[in-house]
Amino acid sequence: MLKFDVLVVGAGGAGMMAALSASEDKSLNVACISKIFPTRSHTGAAQGGINAAMAYRDANDSTESHFRDTVKGSDFLADQDAVEFFTSNMPKVISELDYYGVPFSRDENGRVAQRPFGGASSPRTCYSADKTGHVILHALYEQCLKNRVSFLDDWHLLSVAVEDGKLEGVVAMEMRTGEIQAIQAKAVVIATGGFGRIYWSRTTNAINMTGDGTAACFEAGIPLKDPEFVQFHPTGLASTGVLLSEACRGEGGYLLNKDGERFMARYAPDKMELGPRDLVSRSIETEIKEGRGFGEGMTSYVLMDLRHLGEKKIMERLPQVRELAMEFEGVDLIKEPVPIRPSCHYMMGGIHVSDYKTCSTPIEGIHAAGECSSVSIHGANRLGGNSVADVVLFGKYAGLGAKETAKRRSFAGTKKLEAEALKWKDEFETIRHKKTGINMFSIRDRLAETMWYNVGIFRTETEMAEALKTVEELLEEYKDAYCGDSAIKYNMAFLNYVEIGNILKLAKAVTMGALNRKESRGSHSRADYPTRNDAEFLKHTLIYKEGDNYRLDYIPVKITKYQPEERKY
């Protein structure tokens with residue numbers, strides 16, 4: 001049986017930052033498991049930048065302004081003690097990343113360059129052209145190798161073993177051999193990213209964003225916090241959902257309807273295209289609904305126009321964006337506008353983190369960081385540039401927290417861990433030999449359609465009740481699903497089967513949370529309850545999974561400095 005003092009699951013920005021922080025203690029054996037090669041992790045898709053009040057471009061910017069903007073952006077659902085901790089520590093983290101060798105773009109004084117982003121009162125988004133996440137991943141991977149972190153690539157998390165509220169370890173499959181292994185650990189950091197694939201083709205998320213760590217923690221008894229808050233990015237490419245960065249709007253791109261109007265003047269006259277994401281997404285969908293978009297049904301879109309920025313600026317600041325538009329839509333941004341439509345982008349909710357300073361959860365030994373978790377600093381809506389900031393900052397503190405946990409705890413027993421491994425071995429044998437049943441991909445596609453139409457950008461009681469019924473039916477059908485591949489090594493079909501099980505569980509929690517939140521707040525927009533209701537819903541949703549039953553609960557939001565007020569841009 002493999003044994004590590006600290007085991008990090010996921011090798012994106014949060015996972016590698018956690019592994020790096022934990023490995024500062026040379027007496028600890030630190031490993032990082034990932035289902036893909038670390039530098040291919042989804043943090044690499046973060047194009048636009050990372051927020052920190054460096055005050056380089058605007059001398060009046062401050063961590064207090066960043067704090068206020070984040071709370072306002074969250075529609076007052078963020079925990080303000082956690083937000084203040086986050087914004088006040090971010091400048092130091094940018095300096096650390098700079099020291100690690102992240103090649104940030106520079107201003108005329110040689111300092112880290114900053115650009116404006118939606119919902120921010122100052123240009124505080126630090127960037128590296130439009131490849132910010134990509135370069136951060138590479139720098140962190142080098143630092144982890146230097147610190148002798150062990151990487152287990154092509155390993156897939158199956159479950160977390162917990163006995164009497166205490167962590168024993170995890171069960172994972174090594175894809176290359178098909179071997180299912182129990183891994184003992186004193187501390188685990190779950191950093192497996194979001195689960196936007198519940199909307200399958202209408203998402204900016206990579207194909208592997210199926211919430212494996214979130215679902216494993218959910219099964220182990222940790223509640224999901226605020227799962228109903230799903231962010232739709234305004235500018236996904238119309239035909240694939242692939243992300244075009246907020247940097248497009250940050251650099252001055254226009255959104256146009258079929259009449260050639262810059263329609264954001266109707267919805268955010270002051271901020272225009274730089275309104276927060278939830279507002280801009282709803283504005284685009286309203287234009288489409290009211291017949292001012294192009295195309296029909298699922299293929300409708302509006303246009304984003306960058307031509308006025310000129311070739312020089314586009315090639316210098318948005319080279320990857322241009323490449324994506326050419327590859328996936330056949331459009332050259334320098335010469336013509338590109339078709340875009342909102343696409344599921346980010347999960348504000350996730351694994352309930354109970355202590356933001358250590359990123360620990362209600363189960364002893366388990367820490368969580370990044371998009372798979374909810375601290376909560378994003379509340380009902382995340383500001384652009386706050387996600388890469390979230391992964392590196394809370395990744396760092398999760399690693400430091402796990403380091404202390406590993407020094408304090410000894411290895412627990414292995415009874416539950418061995419039983420879990422055995423259960424998964426049996427399941428693998430059964431599923432790989434199963435020849436008939438329900439096609440798992442038809443389950444996945446029906447889930448995506450149900451979620452997009454019924455638990456999407458606009459929501460109503462009737463539609464969500466229908467979605468809940470469908471998701472429950474799909475969970476039943478899943479029990480008879482088959483994957484159609486009997487291979488042992490690299491059985492990707494079996495892993496797809498596991499992933500579909502994960503997104504089904506999480507989709508049910510998203511729908512339940514949304515159905516029970518009878519108000520509109522941030523990204524959660526209900527046509528039947530169009531206003532925010534602080535009297536009843538200024539609180540976090542918690543959803544527990546107890547066997548096959550789901551239980552709903554609430555906890556208060558932590559408010560320290562900023563009282564809720566109407567959010568206007």
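How many nonpolar, polar and charged residues does the lining of the largest cavity have, by class? The first legend gives the answer, and every view here comes from a predicted model.

**View 1. The largest cavity and what lines it.** Let's start inside, with a cavity of about 720 Å³. Its lining is made of 48 residues, and H42, T43, G193, M209 and E371 are the closest to the centre. Sorted by class, the lining of the largest cavity has 17 nonpolar, 25 polar and six charged residues. Helix 1 (13–22), strand 2 (30–34), strand 7, strand 14 and helix 11 (386–408) chip in with at least two lining residues each. In total, the structure holds three cavities of 30 Å³ or more.

**View 2. The second largest cavity, with its lining residues.** This one has a volume of about 50 Å³. Look for V230, Q231, F232, D278, S281, R282, I457 and S523, which line the second largest cavity. Strand 11 and helix 8 (277–289) each supply at least two residues of that lining. By class, the lining has three nonpolar, three polar and two charged residues.

**View 3. The largest pocket.** Now for an opening: the largest pocket contains about 990 Å³ of space. Of its 39 lining residues, R40, H42, A45, A206 and I207 are the closest to its centre. Helix 4 (132–146), helix 10, helix 13 (440–454) and helix 15 (492–516) are the elements that give two or more residues to the lining. The class count for this pocket is 14 nonpolar, 17 polar and eight charged residues.

**View 4. The second largest pocket and helix 15.** Here the volume is about 720 Å³. There are 30 lining residues, and the closest to the pocket's centre are E219, K505, K545, G547 and D548. Elements giving two or more residues to this lining include strand 7 (155–163), helix 5 (212–219) and helix 12 (415–433). Helix 15 gives the most, with seven residues. By class, the lining of the second largest pocket has 13 nonpolar, four polar and 13 charged residues.

**View 5. Strand 20 and its partners.** Six of the eight residues of strand 20 (residues 539–546) are buried, so this strand is largely enclosed by the rest of the structure. Strand 21 (residues 549–556) pairs with strand 20 in the antiparallel sense over eight bridges, and L542 stands opposite D553. The hairpin these two strands make has two residues between the strands, and G547 takes a positive phi near 65° there. Strand 10 (residues 224–225) also runs antiparallel to strand 20, joined by two bridges. One pair to find is L224 with its bridge partner I543.

**View 6. Helix 10 and its cover.** Which residues of helix 10 (residues 319–329) are buried? They are P319, Q320, V321, R322, L324, A325 and E329. Their cover includes strand 11 (230–237), helix 6 (247–250), helix 9 (310–317) and strand 14 (338–347). After helix 10 comes G330, with a positive phi near 65°.

**View 7. An open sheet of three strands.** The order is 3-5-4, and the pairing is antiparallel. Strand 3 (50–51) and strand 4 (114–115) stand at the edges with a single partner strand each, so one side of each is left without a neighbour in the sheet. Strand 4 pairs with strand 5 (residues 125–126) over two bridges, and R115 has T125 as its bridge partner in strand 5.

Methods
Residues are numbered from 1 along each chain as its sequence is written. This is a predicted model: local features need pLDDT of at least 70, side-chain atom pairs count only at pLDDT 80 or more; totals for chains, interfaces and linings use all residues. Side-chain values use heavy atoms; hydrogens and water are left out. Buried means under 20% relative accessible area, exposed over 50%, partly exposed in between (1.4 Å probe, protein chains only). Helices (H or I, at least four residues) and strands (E, at least two) are DSSP runs, numbered from the N terminus. Two strands pair if DSSP finds at least two bridges between them. Contact means heavy atoms within 4.5 Å. On a 1 Å grid over the protein atoms alone, a cavity is a set of points where a 1.4 Å probe fits but cannot get out, and a pocket is an open set with protein on both sides within 12 Å along at least five of seven lines; lining residues have an atom within 4 Å of a point. Grid points are joined across faces, edges and corners, and a volume is the space filled by probe spheres set on the points. Ala, Val, Leu, Ile, Met, Phe, Trp, Tyr, Cys and Pro count as nonpolar, Asp, Glu, Lys and Arg as charged, and the others, Gly among them, as polar.
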